[in-house]
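Here are my notes on the model, set out as numbered points. Please read them with the coordinates open.

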Amino acid sequence: GEAVVPVANCDVKEYNSNPKEQLPFKEYVEYWREYIRNGYRSSRGCLYLKDWHLSRSGLLPDAPADVYTTPVYFSSDWLNEYWDAVAVDDFRFVYMGPKG
């Protein structure tokens, strides 16, 4: 719950992108529940957790390197094969949020 995650406001556009803010994961989950209870509306807009590097976050120290299984249709991951080899970065992200 104390992890800080990147959250995009899908109702706002800045330079063809959605502005992001950092929120504690617990606060984001509370927002999401409230958003659903309010008929998928919020004065904060539609917030979407986007580009979270869960596997790098340190929150799952006993988890295997692959926190999740990639569906077979997306299993050709040439970009991460490269970044894994040079051990600089990864492009494994978590995305979650309400419909809309």
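1. Which residue is the bridge partner of A8 in β3? The partner is Y48. This belongs to the antiparallel pairing of strand β1 (residues 4-9) with strand β3 (residues 47-52), which runs over 3 bridges. The model is predicted, and the points below should be read as statements about that model.

2. On the β4 side, β3 pairs with strand β4 (residues 94-96), again in the antiparallel sense, over 2 bridges. Here L49 has M96 as its bridge partner in β4. Strand β3 is thus paired with β1 and with β4.

3. L49 deserves a look for its contacts. Apart from neighbours up to four places away in sequence, L49 is in contact with V5, P6, V7, F25, Y28, V94, Y95 and M96. L49 is also one of the residues that touch the most other members of the largest nonpolar core, a set of 13 residues; the others named there are V7, Y28, L47 and W52. At least two residues of this core come from each of β1, α1 and β3. In soluble globular proteins, nonpolar side chains tend to be buried together.

4. Next to L49 in the numbering is K50, also in strand β3. Is K50 buried or partly exposed? K50 counts as partly exposed because its relative accessibility is 30%, and the buried class requires under 20%. With neighbours within four places left aside, K50 is in contact with P6, A8, K20, V94 and Y95. The C-alpha atoms of K50 and M96 are separated by 6.8 Å, although the two residues are 46 apart along the chain.

5. D51 also lies in strand β3. What joins the side chains of D51 and K20? A polar contact of 2.7 Å does. Beyond four places in sequence, D51 touches P6, K20, F93, V94 and Y95. K20 therefore appears in the contact list of K50 as well as in that of D51, and the chosen contact cut-off for both is heavy atoms within 4.5 Å.

6. The structure holds 5 aromatic pairs. Y28 and Y31 make a tilted one, with 5.8 Å centre to centre and 35° between the planes. Both residues lie in helix α1 (residues 25-37), 3 residues apart, or about one turn of the helix. Y28 and Y31 are both buried. Y35 and Y40 make an edge-to-face pair, at 6.0 Å centre to centre and 85° between the planes. Together with W32, the residues Y28, Y31, Y35 and Y40 form one aromatic cluster.

7. The two members of the edge-to-face pair fall in separate accessibility classes. Y35 counts as buried because its relative accessible area is 6%, whereas Y40 counts as partly exposed because its relative accessibility is 32%. Y40 sits in the loop between α1 and β3. The charged end of K99 sits over the ring of Y40, 4.6 Å from the ring centre.

8. Backbone geometry merits a check at two positions. Phi of Y40 is near 65°, a positive value in a residue other than glycine. Phi of N16 is likewise near 65°, also positive in a non-glycine residue. N16 is placed in the loop between β1 and β2 (20-24), and N16 counts as exposed because its relative accessibility is 72%.

Methods. Residues are numbered from 1 along each chain as its sequence is written. This is a predicted model: local features need pLDDT of at least 70, side-chain atom pairs count only at pLDDT 80 or more; totals for chains, interfaces and linings use all residues. Side-chain values use heavy atoms; hydrogens and water are left out. Two strands pair if DSSP finds at least two bridges between them. Helices (H or I, at least four residues) and strands (E, at least two) are DSSP runs, numbered from the N terminus. Rings of Phe, Tyr and Trp (its six-membered ring) pair if their centres lie within 6.5 Å; planes under 30 degrees apart count as stacked, over 60 as edge-to-face and the rest as tilted. Buried means under 20% relative accessible area, exposed over 50%, partly exposed in between (1.4 Å probe, protein chains only). A charge sits over a ring if NZ of Lys or CZ of Arg is within 6 Å of the ring centre and within 35 degrees of the ring normal. A polar contact is a pair of N or O atoms within 3.5 Å; within protein, one must be able to donate a hydrogen and the other to accept it, and residues adjacent in sequence count only if both atoms are side-chain atoms. A nonpolar core is a set of buried Ala, Val, Leu, Ile, Met, Phe, Trp, Tyr and Cys residues joined through side-chain atoms within 4.5 Å.
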